[in-house]
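Let's take a walk through this structure together, one region at a time. Keep the viewer open, and turn the model as we go.

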Amino acid sequence: MKAASVLGLLILVSVVGACFAIYEEQVGLADWHKRYIGKVKHAVFHTQKTGRRRVVVSTEQNLIASLDLRTGDIFWRQVFGKNDVIDQLSLSLGKYVLTLSSQGSILRAWNLPDGQMVWETNLQVSNSNPNQSFLHVLGIGKAGRDNMILACTGGSIHAVSSLDGSIMWKKDLSNELNIKHIFQPSESDTIYAIGFINSSQIILYHINLKTGELIKQTSESSPVILSSETTVLSSDSILALDSAKSTLILIKFTENAITCYDTQISDFVEDFDGLTELVPANSNGVFVIKTASKVAFVRVKGDNGFELIEKVDKTGILSPTLTLSETEQAFAVSHNSKSEINLKVKLTSNNDLSETIDENVEIEAHRGSVQKIFLNNYIRTDKSHGFRALIVMQDESLLLVQQGKVVWYREDGLASITGTVTAELPVERETVSVKKVENTLFEWLKEHMIKLKGTLMLATPDDLAAIQSMRLKSSERNKMARDHNGFRKLIIALTRPGKLYALHTGDGRVVWSHLLCSAQCSVLSNLALHSWQVPHHTAFNQNPSVLVVGVCGPGPGGVFRVVDCYSGKEVESLVMDHGVDETVALPLTDASEQRLHLFVDGDLNAHLYPKSEDSLRIFWGEMANLYYYRVESEKGVIKGYSFKKGCGARSVGENCFGTREIWSIVFPSETEKIIATSTRKLNEVVHTQAKVTEQEVMYKYVSRNILFVATVSPKAAGEIGSASPDDATLTSYLIDAVTGRILHRVAHHGAQGPVHSVVSENWVVYHYFNLRAHRYEMSVIEIFDQSRADNKDVMKLILGKHNLTAPITSYTRPEIVAKSQSYFFAHSVKEITVTATAKGITSKQLLIGTVSDQVLGLDKRFLDPRRSANPTQAEREEGLIPLTDSLPIIPQSYITHSLQVEGLRGIISFPAKLESTTHVFSFGLDLFYTRIAPSRNYDSLTDDFSYALLLITIVALIGAIGVTWVLSERKELREKWR
């Protein structure tokens, strides 16, 4: 019997796997995958004559990547661990990429062509809290044979071989030392390291390059308290700022002495307004200081004097200095207006400053201001220097500018998505043109002219490429109009810099983008994206819109922006006179189908939007039935509130409502700590409230007010393994968010977080770690309403004594029956969600983001708490799977196939019009979209269906019917003549 159960399970698993599997050539037909790198913080160029020209970058998302300098495409990339932050990036021997990370404790070399790691060296850092780390590459012996790498962290210097990463020597100088600069005189075996101790003492070390032996040290007290900002002026002098950032200190050193000269910045920069920033450079006597309103170029005059060369009266962004030769350096200065970047390249030579490039580059207005700029040079045909600039914009996009034009750009802001909503595309009708959504009239005419040139065989290669692009755009998959299956939609994504993107589900292209920062509010924080208006499908004159709420600058005032989903234009924008601590989306809409929202401020007052008489009337009518809750994880408290008219002593209009605490749950801090909460989706559709089994009809306890809460014992609140199994307990609660009643509670002894959970219909699934079994587990809880069990009595139904029509209220104590089960699961989990379909008929499937950054589709039937080791024949016919201790992982169930969504942070599922199909969009550093059918395509024909064979079959059947009819008629005629 047991063998038969196992065999049955294997057959079922293979059948389920076949449901999810697709052919290799089908990958990419209904899905797409986009790779990004994030906001660039370091960049080094590799432009040698041999090999591909590329730029290697490191980003704030903690990765390094090699980009094609001609197109911006990614050659390769490597993602570092969460705690392994990249400190510096450099090149060595023209074939290695060097990275210093983890506060200067890990040095790695990567192969430049393919990104494979060549070697890794752990540096023993004596300073427990190093605050400055940098690399200095020295050339020894013949060029290309070996480079000595000096890794400086705090007061330690490590000499590392670039060939194999072996440590040649190590020198610990002082725990309180911060090394600022290392240099080597030409053809000398001595290196000089200069640094600061306690911001008041300057010290110079003479070190033997081959052995690391300390030859000599010289120290000098600083006349002022030094800041951390320094710049190198020459091989024997550096420049520093004082802690007040109003005085420059010129530090000159020789083999035997250190000399300091301090000068007030206001002595050579008129109308100096303080808040100086010293731009790091290495520019042979010329340096740059930047204030809030100007940029000043200054050179050293004589032994200790300064002279102002040029002053720009508006704020600019400066690039790091680019060394052209021993006597020449170059750096770029950029300013930008709404749709234009002014780029200037200046050369410094022999304490002189000259300008070689001054050009204006047109860019899209929605990219914001310039954040960083990196300069690179190339040799023109006339042997002069040409320059290209890699520019990082406010929206985290990356641009390459050369000869006054944008060569390519990357939308790397999409690597930092924080929220998403979906929107329907406009309806395509014969009487209503959709061209106003796609293009302007001028672009439409231009497209037809290019197509005409192609027809007449007059098209250039660029025209042919444009025609191909237009054909792809106008294909059925990529049209800017909704289809009858609901496959074409818009995904509206909000990114960390405050930019909205509209992505087409057909191919993932950016339909429009809009930067929310403005002149009135240049810094936005705590942004959240919500659906604002979803017009009925027959309302052709209204466009859907989304709402973005956040905080403007350091002030308490909230920001309210409504953006049109079709054009990306702001429909409404205002700065609210109150803060926004929490946003409550209500299940109510006004006459114009705008969803009502409550914004709760720090005083627990709720402000109703939109501010209209209609929305106010609707809210007043439903106020007695509306509640909300707050989870204060740090305090271990959950509180429930109702609403009341008026905001107490404040008089802020009729749209402000006070709150009244009606319940609270306090978890003792000595025994429990809240680590996870989740609730049902507001728009989830439940098809049926009954579950029919062999013996009975069980009614699901379906409530939108179910709140799942997971707590752990304080000792188990840390990383996995931080507590022993005896000290660790994970407790799960199901709470009614209206009354605060605990519906169900279960404790898992010897378990701890992190906990990932999803709530749907009448069940919750959550993932955690079992310390006793040393394995991950997934548990499921399903709750049923026993108080409705009397509905099974047919006589009561006939006599009208049933309670099917009785109102369901949270204040009626329900008779809850809970069924639960736990299973081992092989993977660590980053995210869990559940599929959503139009009517909720299709079987549910869990979408699990694994630690390998892939998305696994797991049938909910595997997490049925009714599973038993020996199911009855009726249970088998029902589809109940025999019980096993582990959940199966079917390779064909990965909906991302062999792809990875690097840095996976979120998964969303939204329905198509076909009940069998759902959309899945996952995001992190990468974006991945696909369509899946959890119960197979039972309501549509597959893409590979043979319509020709069907037509031939129909024709053959019609022909056969005709032939048989003729034969039948002849037979009847012969019988009548007999």
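The paragraphs below start with confidence, then follow strands, a helix and aromatic rings.

Please keep in mind that this is a predicted model. The protein chain has a mean pLDDT of 83, and 86% of its residues reach 70 or more. One stretch to treat with care is residues 1-20, where pLDDT stays under 50. For that stretch the model has 25 contacts beyond four places in sequence. Where pLDDT is low, the predicted coordinates should not be read in detail.

With that said, let's begin with a sheet. Strands 6, 7, 8 and 9 form an open sheet in the order 6-7-8-9, and the pairing is antiparallel. Which strands stand at the edges? They are strand 6 (86-92) and strand 9; each has a single partner strand, so one side of each is left without a neighbour in the sheet. On average, neighbouring strands here are turned by 15° against each other, direction ignored. As a reminder, strands of a sheet pair through backbone hydrogen bonds, either parallel or antiparallel.

Now look at strand 8 (residues 106-111) within this sheet. Five of its six residues are buried, so to speak of it as mostly covered is fair by the under 20% cut-off on relative accessible area. On one side, six bridges join strand 8 to strand 7 (residues 96-101), and the two run antiparallel. Leu 100 of this pairing has Leu 107 in strand 8 as its bridge partner. Four residues lie between strand 7 and strand 8 in their hairpin, and Ser 102 in the turn has a positive phi of about 55°.

Strand 8 also pairs with strand 9 (residues 117-122), again antiparallel, through five bridges. Here Ile 106 stands opposite Asn 122, and Trp 110 has Met 117 as its bridge partner in strand 9. The hairpin of strand 8 and strand 9 has five residues between the strands, with Gly 115 in the turn at a positive phi of about 80°.

Further along the chain, strand 16 (residues 201-208) is another good place to stop. Strand 16 is mostly covered, with six of its eight residues buried. Eight bridges connect strand 16 to strand 15 (residues 190-197) in the antiparallel sense, and one bridge there puts Ile 191 with Ile 207 of strand 16. Strand 15 and strand 16 make a hairpin with three residues between them, and its turn includes Asn 198, whose positive phi is about 55°.

Strand 16 pairs with strand 17 (residues 214-221) too, over seven antiparallel bridges. In this pairing Ile 203 stands opposite Ser 219 in strand 17. Five residues separate strand 16 and strand 17 in their hairpin, where Gly 212 takes a positive phi near 80°.

Let's move on to helix 5 (residues 613-622). Which of its residues are buried? They are Ser 615, Leu 616, Ile 618 and Phe 619. Seen down the axis of helix 5, these buried residues fall within an arc of 165°, so they line one face of the helix. An α-helix has 3.6 residues a turn, so residues three or four places apart point the same way. Glu 613, Arg 617 and Gly 621 are exposed on the other side of helix 5. What covers the buried residues includes strand 43 (582-589), strand 44 (595-600), strand 45 (606-609), strand 47 (637-645) and strand 48 (656-666).

Phe 619 leads us to the aromatic rings, as it forms one aromatic cluster with Tyr 628, Tyr 641, Phe 643 and Phe 657. How many aromatic pairs does the structure hold? There are 18 aromatic pairs. Take Phe 769 and Tyr 776: their ring centres are 5.0 Å apart and their planes stand at 75°, so the pair is edge-to-face. Both Phe 769 and Tyr 776 are buried.

Our last stop is another open sheet, with four strands in the order 55-56-57-58 and antiparallel pairing. Strand 55 (751-760) and strand 58 (816-825) stand at its edges with a single partner strand each, so one side of each is left without a neighbour in the sheet. Neighbouring strands of this sheet are turned by 20° against each other on average, direction ignored. Ten bridges join strand 57 (residues 775-785) to strand 58, which run antiparallel, and Met 778 has Tyr 823 in strand 58 as its bridge partner.

Notes:
Residues are numbered from 1 along each chain as its sequence is written. This is a predicted model: local features need pLDDT of at least 70, side-chain atom pairs count only at pLDDT 80 or more; totals for chains, interfaces and linings use all residues. Side-chain values use heavy atoms; hydrogens and water are left out. Two strands pair if DSSP finds at least two bridges between them. Axes are lines fitted to C-alpha atoms, for helices over the stretch in contact, and angles run from 0 to 180 degrees between N-to-C directions. Buried means under 20% relative accessible area, exposed over 50%, partly exposed in between (1.4 Å probe, protein chains only). The arc is that of the directions from the helix axis to the C-beta atoms. Contact means heavy atoms within 4.5 Å. pLDDT is the predictor's confidence in each residue, from 0 to 100. Rings of Phe, Tyr and Trp (its six-membered ring) pair if their centres lie within 6.5 Å; planes under 30 degrees apart count as stacked, over 60 as edge-to-face and the rest as tilted.
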